[in-house]
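Biologist: I'm new to reading structures, and I'd like a close look at a single part of this one. Could you walk me through it slowly and show how it connects to the rest?

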Amino acid sequence: MPRVKIDIREGRSEEHKMNLLAAVHDALVESIKIPDDDRIQILHEHKKSNFEIPPNKTELFTIIEVTMFSGRSVEAKRSLYRTITEKLKPLGIMKHDIMIILL
């Protein structure tokens with residue numbers, strides 16, 4: 001039962017935000033095999049002045065924090081990283097603009 005927290009700068013469309021949430025959830029289902037109905041996600045939008053990002057990142061910089069029980073293998077965690085980045089690419093969010101934190 002992982003909990004997902006996503007931080008972005010404000011300004012993205014409602015459709016983009018819904019697709020972002022769906023993509024991250026789909027990645028969790030696919031890579032670490034959580035049930036499809038196990039969906040706890042929080043999307044935080046920040047004003048540009050409240051969310052400083054490195055100069056080499058774009059406005060689509062996205063932080064994804066996943067809190068889950070311990071015990072997942074290193075390969076499962078790697079699979080999660082890969083799958084999230086693959087699923088966000090169609091939304092225009094490239095690998096260099098994604099920070100994934102597992103707790």
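Modeller: Let's start with the right-handed β-α-β unit, which is made by strand 3, helix 2 and strand 4. Keep in mind that this is a predicted model. In the unit, strand 3 covers residues 62–67, helix 2 covers 74–88 and strand 4 covers 98–102. The two strands pair in the parallel sense, over 5 bridges. If you want to find the pairing on screen, look for Thr62, which stands opposite Ile98 in strand 4.

Now stay with strand 3 for a moment. Is strand 3 largely enclosed or open? Count its residues: 5 of the 6 are buried, so strand 3 is largely enclosed by the rest of the structure. Strand 4 is one of its partners, and strand 1 is another, joined to strand 3 by 5 bridges. This time the two strands run antiparallel. Val4 is a handy marker here, as it stands opposite Val66 in strand 3.

Strand 1 also brings us to Ile6. Not counting residues up to four places away in sequence, Ile6 touches Thr62, Ile63 and Ile64, and its other contacts include Leu20, Leu21 and Val24 as well as Gln41, Ile42, Leu43 and His44. Ile6 belongs to the largest nonpolar core, a group of 22 residues. Along with Leu20, Val24, Leu28, Ile64 and Leu88, Ile6 is one of the members that touch the most others. Who supplies this core? Strand 1, helix 1, strand 3, helix 2 and strand 4 each give two or more residues, so every part of our β-α-β unit is on that list. Helix 1 gives the most, with 7 residues.

Helix 2 has charged side chains to look at too. Lys87 forms a salt bridge with Glu30, and their closest N and O atoms are 3.1 Å apart. Since Lys87 lies in helix 2 and Glu30 in helix 1, the pair ties together parts that are 57 residues apart in sequence. Both ends are partly exposed: Lys87 has a relative accessible area of 28%, and Glu30 comes in at 41%. Another salt bridge has Arg82 meeting Glu75, at 2.8 Å from N to O. Here again the partners are partly exposed, with 41% for Arg82 and 44% for Glu75.

Helix 1 has a further link, this time to strand 2. Lys17 in helix 1 and Glu45 in strand 2 are 28 residues apart, and they form a salt bridge with closest N and O atoms 3.0 Å apart. Lys17 counts as buried, at 8% relative accessibility, whereas Glu45 is partly exposed at 37%. Glu14 joins in as well, since Glu14, Lys17 and Glu45 are linked in a network of salt bridges. The total count comes to 7 salt bridges.

Finally, zoom out to see where our unit sits. The protein has 2 helices and 4 strands, and from the N terminus on they run β-α-β-β-α-β. Take the contacts between residues at least 6 apart in sequence: 77% of them join residues at least 24 apart. Buried residues make up 41% of the 103. A compact globule with 103 residues would have a radius of gyration near 13 Å, and the protein's 13 Å agrees with that. Along its principal axes, the C-alpha trace spans about 40 × 25 × 25 Å.

Definitions and conventions. Residues numbered from 1 in each chain as written. Predicted model: local features only at pLDDT ≥ 70, side-chain atom pairs only at ≥ 80, totals over all residues. Heavy atoms only, no water. Core = buried A, V, L, I, M, F, W, Y, C linked by side-chain atoms within 4.5 Å. Buried < 20%, exposed > 50% of the residue type's maximum accessible area, 1.4 Å probe, protein only. Contact = heavy atoms within 4.5 Å. Salt bridge = Lys/Arg side-chain N within 4 Å of Asp/Glu carboxyl O. Pairing = 2+ DSSP bridges. Right-handed = clockwise from strand over helix to strand, strands pointing away. Rg over C-alpha atoms; globule rule 2.2 N^0.38 Å.
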